[in-house]
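Please open the model in your viewer and keep the sequence panel at hand, since the tour moves by selecting residues in turn.

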Amino acid sequence: MKIIKKIVFESHPVHHFIYKKEFDILFKVIEKKKFKHALELGFGDGVASKIIRPSAEHLIGVELDKRREYEAKDVFDAIHIGEIDTLSKKYNDKIDLVFAFHVIEHMDFVQIKTFVEKSKEILS
């Protein structure tokens, strides 16, 4: 995990300064966990998924901005461009981790409600 921390923080120095506490919590949560299918909502440049990647057998990214797909394509096994509620039903009851890193605070109430409801559908 130390190697991953070093790679993430060296390639994203601003994250090292601003998000250090959040990353420390994330590392503690996933350090010894293994997930069969993990899904990140709003993956952006994929920095949080790079941390989760070693702990996830399959990693799915959901993002609204199609331009982000290129930046993070090497991190994910599957990428879905669009809202979480348009995510295929093939993922229902298959996901064992759903996470959103610095995304929910940009959502309105309806979007948050949809995110929670869809997360409940797809979590195994």
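The tour below goes through the nonpolar cores and then the largest pocket of this predicted model.

Begin by selecting Ile30, Ala38, Ile52, Leu59, Phe76, Leu97 and Phe99, which, of the 16 residues in the largest nonpolar core, touch the most other members. Colouring by element then helps to place this core, because the elements that give two or more residues to it are α3 (20-30), β1 (35-41), α4 (47-52), β2 (56-63) and β4 (97-99). The largest share comes from α4, which supplies three residues.

Next, centre the view on Ala38 and display its surroundings: leaving aside residues up to four places away in sequence, Ala38 touches Ile52, Ala56, His58, Leu59 and Ile60, and also Ile95, Asp96 and Leu97. Apart from the largest core lies another one, of 13 residues, and to find it you can select Ile84, Leu87, Tyr91 and Val103, which are among its members.

Now turn to the open space. Which residues lie nearest the centre of the largest pocket? Select Leu41, Gly42, Phe43, Glu63 and Val103, which hold that position among the 28 residues of the lining. The space in this pocket amounts to about 560 Å³.

To follow the lining by element, highlight β1, α4, β2 and α6 (109-122), each of which gives two or more residues to it; α6 gives the most, with three residues. Finally, colour the lining by residue class, where you should find twelve nonpolar, nine polar and seven charged residues.

Methods: Residues numbered from 1 in each chain as written. Predicted model: local features only at pLDDT ≥ 70, side-chain atom pairs only at ≥ 80, totals over all residues. Heavy atoms only, no water. Core = buried A, V, L, I, M, F, W, Y, C linked by side-chain atoms within 4.5 Å. Buried < 20%, exposed > 50% of the residue type's maximum accessible area, 1.4 Å probe, protein only. Helix = DSSP H or I, 4+ residues; strand = E, 2+ residues; numbered from the N terminus. Contact = heavy atoms within 4.5 Å. 1 Å grid on protein atoms, 1.4 Å probe; cavity = no way out; pocket = protein on both sides within 12 Å on 5 of 7 lines; lining within 4 Å. Points joined across faces, edges and corners; volume = space filled by probe spheres on them. Nonpolar A, V, L, I, M, F, W, Y, C, P; charged D, E, K, R; others polar.
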